[in-house]
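Here's a walk through one structure, taken piece by piece. Have the sequence and the 3D view open as you read.

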Amino acid sequence: MDGPGGTPINRKHNTHMQAYPDPTRRNFLKASASMLALPLLNPIAGMSLAPSTPNTDTTMMPDTTPATLPTRKLGPLEVSAMGFGCMGMQHVYAPRFSQEEAVKVIRAAYDRGVTFFDTAINYGPFINEQSVGEALAPVRDKVIIATKFGYDYDANGRNIGLNSRPDHIIRMTEQSLKRLRTDHIDLYYQHRVDPQVPIEEVAGTVQDLIQQGKVRYFGLSGAGAATIRRAHAVLPVTAVQNEYSFWTRDPEHEVLPVCEELGIGFVPWGPLGSGYLSGTITPNTVFDQSLDFRAKLPRFTKEAQQHNWKLIGLLQQIGQRVYTTPAQVALAWLMARHPFIVPIPGTSSIKHLEENLNALKVTLTPADMAELESGFARIGVEGPRSLPVVLDNVDIGATLGSSSAGTHGKSPLPVKK
Ligand SMILES: NC(=O)c1ccc[n+]([C@@H]2O[C@H](COP(=O)([O-])OP(=O)(O)OC[C@H]3O[C@@H](n4cnc5c(N)ncnc54)[C@H](OP(=O)(O)O)[C@@H]3O)[C@@H](O)[C@H]2O)c1
């Protein structure tokens, strides 16, 4: 079996690989070998690294007993150390999967040991929750389902903006429970901080839902440190979900320290930089203009990619040493940052799913981590992570360059009675 550059892989002697049950238990070595043998080519020369076509081939699905993955704790909640982000199959990326196609991939993730699934009302909207509900109904008591509230929709299902008013949250919860085919949501995040509704009211509403048995744990997404503290004072926050990855460092300033201080788990979304950190996206990759949000992202312009490709070179450099792909190094890097981090990479491809889960076997040494940090500091990243209209919805202190210190965040203070 060959590693990058034809180096023979001797896993027995590779101190970077951990010993625990293989998430796929069969075909992994074969699949990895073919992945690792792919040469990483210069995108500027116009070469792609691996097929990016969604792959729903289920011939590699294991037998009916799910594999076992290591676990991590988000506050008191135990989940597989890597979760599965269900969004991308039916929202913001192209092509969009039917419910039947999405169900297959979600079940493939469960079969490979994933017990933590992430969705939101807004993904689709609605259809992603339906897919998660159908896929996981037969194993409902064995999995943790996280979903998110906080937007409002018109009669045609069009998102018409933020809404975390208590009566709306309650209505949305009933609908989510039906779509998810369950009587409880394990982890219920506010999707974005609502500048019209004090976070204390939101936390109080979720607390009522917990008392009624409809929700188990409370989470926040796109929240800064001041809002997290205020919410946590009313109802313990179990997890914060903000964008975080090797090239998006915003949470390092305030959000990760507050999570560590308060014992809150952190779930990084976009852990693969919307696919870029896998090294499979090049300036020649054509995104669907109407369906794929990356077509409009400043980090995905040809110019930005020419600069940012140096980051892929850095991931590749470490990857060659530990016989892993850039995607696996990017995920192993996240796992190594803090023990309370649980990434939720999303994919429509079972091959990519297996590649991502096998990042759990990679241990980066302190020297690898230091080299990644100094390399990142030297190279930097070109282009904001998202569009201004999207970043505007994120809380104070949750984005690079903003600080919640001395503020109460974007959530208004409760009116004193
Ligand atoms: N709270 C929030 O506001 C928020 C926002 C966005 C996302 N999320 C959650 O976070 C999850 C993950 O985020 P994300 O999907 O935006 O970003 P991501 O996980 O960083 O990237 C997903 C993209 O990477 C590609 N990919 C995945 N594994 C790959 C691999 N091994 N090799 C090559 N390409 C690979 C996927 O394409 P293929 O399908 O071709 O594999 C997809 O285009 C979502 O599913 C969602 O649940 C939350």
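What follows is a short tour of a predicted model, from its sheet to its core, its ligand shell and a few backbone oddities.

**The sheet**

Start with the sheet. Seven strands make it up, paired in parallel in the order 3-4-5-8-9-10-11, and the sheet is open. Its edges are strand 3 and strand 11, each of which pairs on one side only. In general, strands of a sheet pair through backbone hydrogen bonds, either parallel or antiparallel.

Look at the strand 11 edge for a moment. Strand 10 (residues 237-241) runs parallel to strand 11, and two bridges join them. Alanine 239 has glycine 265 of strand 11 as its bridge partner.

Further into the order, helix 5 (residues 199-211) lies across strand 8 (185-190) and strand 9 (215-221). Its direction is at about 160 degrees to that of strand 9.

**Helix 3 and the core**

How many of the 10 residues of helix 3 are buried? Eight are, so helix 3 is largely enclosed by the rest of the structure. The buried residues are Ile127, Asn128, Glu129, Ser131, Val132, Gly133, Ala135 and Leu136. Their cover includes helix 2, strand 4, strand 5 (144-149) and helix 4 (166-179).

Two of those helix 3 residues turn up again around phenylalanine 117: Val132 and Leu136 are among the residues that Phe117 touches. Leaving out residues up to four places away in sequence, the other contacts of Phe117 are Gly83, Phe84, Cys86, Ile106, Val143, Ile145 and Ala146.

Phe117 also matters for the count in the largest nonpolar core, which has 101 residues: Ile106, Phe117, Val240 and Ala330 have the most contacts inside it. Helix 9 gives the most to this core, with eight residues.

**Around the ligand**

Which residues come nearest to the ligand? Of the 30 around it, they are Gly85, Leu272, Gly275, Ser278 and Gly346. By class, the shell has 10 nonpolar, 18 polar and two charged residues. Helix 10 (residues 350-357) gives the most to this shell, with three residues.

**Backbone oddities**

Most residues other than glycine have a negative phi, and most peptide bonds are trans. Four places in this model are worth a look with that in mind.

| Site | Feature | Angle |
|---|---|---|
| alanine 94 to proline 95 | cis peptide bond | omega about -5 degrees |
| glycine 124 to proline 125 | cis peptide bond | omega near -5 degrees |
| serine 274 | positive phi | phi near 50 degrees |
| tyrosine 323 | positive phi | phi near 55 degrees |

Each of these sits in a loop, so here are the addresses. Proline 95 is in the loop between strand 3 (84-85) and helix 2 (99-111). Proline 125 is in the loop that links strand 4 (116-118) and helix 3 (127-136). For serine 274, look between strand 11 (265-266) and helix 8 (302-322). Tyrosine 323 is in the loop between helix 8 and helix 9 (326-337).

Are the two residues with positive phi buried or exposed? The cut-off for buried is 20 or more other C-beta atoms within 10 Å. Serine 274 has 25 such neighbours, so it counts as buried. Tyrosine 323 is buried too, because 23 other C-beta atoms lie within 10 Å.

How values were computed: Residues are numbered from 1 along each chain as its sequence is written. This is a predicted model: local features need pLDDT of at least 70, side-chain atom pairs count only at pLDDT 80 or more; totals for chains, interfaces and linings use all residues. Helices (H or I, at least four residues) and strands (E, at least two) are DSSP runs, numbered from the N terminus. A residue is buried if 20 or more other C-beta atoms lie within 10 Å of its own, exposed if 12 or fewer, and partly exposed in between; C-beta atoms are placed from the backbone. Two strands pair if DSSP finds at least two bridges between them. Two residues are in contact if their C-beta atoms, placed from the backbone, lie within 7 Å. Axes are lines fitted to C-alpha atoms, for helices over the stretch in contact, and angles run from 0 to 180 degrees between N-to-C directions. A residue is near a molecule or strand if its C-beta atom, placed from the backbone, lies within 6 Å of it. Ala, Val, Leu, Ile, Met, Phe, Trp, Tyr, Cys and Pro count as nonpolar, Asp, Glu, Lys and Arg as charged, and the others, Gly among them, as polar. A nonpolar core is a set of buried Ala, Val, Leu, Ile, Met, Phe, Trp, Tyr and Cys residues joined through C-beta atoms within 7 Å.
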